[in-house]
Amino acid sequence: MTHEYSEESPLLADSEAPRITDPEILKHDLLYQRFSSAQKRVIVALISWAAVIPFLASGSFIPSIPEIAHELGSTGPVISLAVSLSLITASAGSLLWATYSGSYGRRTVFLLSLPTLCVGSAGVAMSHSVPTLMFWRVVQALGASSGMSVGAGAIGDIYRLEERGSAMGIFFGASLFGPAIAPLCGGIATHYFSWRLAQWALFVMGLFAFVPVALWLPETLDPQKLRRWGATEEHRKPVFLNPFKSLGLLRSPNILIVTLAGTTTLVTDFVLMIPLAYTIGKQYNITNEAIIGAFFLPAGLGNIIGAPLAGRLSDRVVVAWRKRRGGVWVPEDRLRASLWGAAVFVPLSVLLSGLTTQFVPGTPGIVLNLIWLFMNGIGVDIVLSPSSAYYVDILHSKSAETMAASGSFRALIIALITAGILPLIDAIGVAATGAVFAGIAWLGFG
């Protein structure tokens, strides 16, 4: 007899219910007992460190755009296309790595993607023309794109439902340490040394991520799903998987709606960050790349605080609403934790930043912008952290693929939008641009 079970059965059933003796349910529950609490913390630390690198790669590049444009004889908008190109590559790469991680394991994917990141970073550092720079940014983005989706998949492999939101929040908060320091580090390197130094630093950090992963990261994927190279005659044959098949998961209205809401939220972060040197920098006569980079710190600090806070809150919401329903679990309860971020923090932060930059001069304007950037950082994670845990809740067996599909969709849309941010600001002004994207964020909440 075939047993049908879901996470609702082993994790949410009454402890005295007779079905807890079902061997299939017990087998499912044992998957979360393979690692001790200490081992789980080590795994979270390792995958968080691996996920920091992509944010460092993107964040350290942005403050360097004016200097790169000057050195390569190009313009800011042209070099900014490297950001859009990286997002598109990361979108496809995330699908590729996530798809193969569901067959060959999370560890194997990290061991392949991190060296790719290192090679790409070295290539960017040695680029002396715009086409060469674009090519190596693609390689770099491909290597960096495994971090979030495969890392989230690993979280789903080892943590139970009622623990997952907190674990996902810690993972997001730790990995988002990257955006907090990347622009500052990139700005310091660009202003006092060279933008190339920041890329060589990424090469070194990639190595420092690869070595501990190779030494200490165990395989977290369900052993029954894992294809081991050469373990059997069948496994000696290479398997070509369609990475874009994961996009079919977006046909689910639940996944698509939550992804669209996350997209309208995350795009505000890029609207604030990418043109920062040309908005806040220009308005307040700030030309030092290190100081420009420091403006990213409040948003990064907001990310670090917001992600674990939202994750823990979403777990509490799940438990509280399940209790109110007499033990009945509704996956969408977790999304209740994201409402304040989507309705208040995100849209107001981008709206107020635009108005402040255009109409409030001097030190008051700078201080207010720092507050709005911090507010945006918290708000974005209050939306995205519960959403990510929700994906894993409802499609646990395809957690990495679901994260990749949603992330790729967001990245593709944001890549198209970011290419037009600077032209839009030039056309209608920073305040009107902020108002437009605040309206889009409110539509996402609705």
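## Two helices that meet

To compare two helices, we fit a line, called an axis, to the C-alpha atoms of each one over the stretch in contact, and the angle between the N-to-C directions can run from 0 to 180 degrees. Keep that picture in mind as you look at this predicted model.

Helix α19 covers residues 421–428, and helix α20 covers residues 430–445. Their axes lie 7 Å apart, and the helices pack at an angle of about 120 degrees. An angle from 65 to 115 degrees would count as roughly perpendicular, and one over 145 as roughly antiparallel; α19 and α20 are therefore oblique to each other.

## Who touches whom?

Which residues make the contact? From α19 come L424, I425 and I428, while α20 brings V430, A432, T433, V436 and F437. Sorted by class, the residues of this contact are seven nonpolar and one polar, with no charged residue.

## Empty space inside

Rolling a probe the size of a water molecule over the atoms shows where empty space is left. In this model, the count comes to three cavities of 30 Å³ or more. Let's visit the second largest, which has a volume of about 120 Å³.

This cavity is lined by 14 residues, and those closest to its centre are V271, L272, T279, S353 and V430. You have met V430 already: this residue of α20 also takes part in the contact with α19.

Which elements give two or more residues to the lining? They are α12 (253–273), α16 (339–359) and α20. Helix α16 gives the most, with four residues. By class, the lining has eight nonpolar and six polar residues, and no charged ones.

Definitions and conventions: Residues are numbered from 1 along each chain as its sequence is written. This is a predicted model: local features need pLDDT of at least 70, side-chain atom pairs count only at pLDDT 80 or more; totals for chains, interfaces and linings use all residues. Side-chain values use heavy atoms; hydrogens and water are left out. Angles under 35 degrees count as roughly parallel, over 145 as roughly antiparallel, 65 to 115 as roughly perpendicular and the rest as oblique. Contact means heavy atoms within 4.5 Å. Ala, Val, Leu, Ile, Met, Phe, Trp, Tyr, Cys and Pro count as nonpolar, Asp, Glu, Lys and Arg as charged, and the others, Gly among them, as polar. On a 1 Å grid over the protein atoms alone, a cavity is a set of points where a 1.4 Å probe fits but cannot get out, and a pocket is an open set with protein on both sides within 12 Å along at least five of seven lines; lining residues have an atom within 4 Å of a point. Grid points are joined across faces, edges and corners, and a volume is the space filled by probe spheres set on the points.
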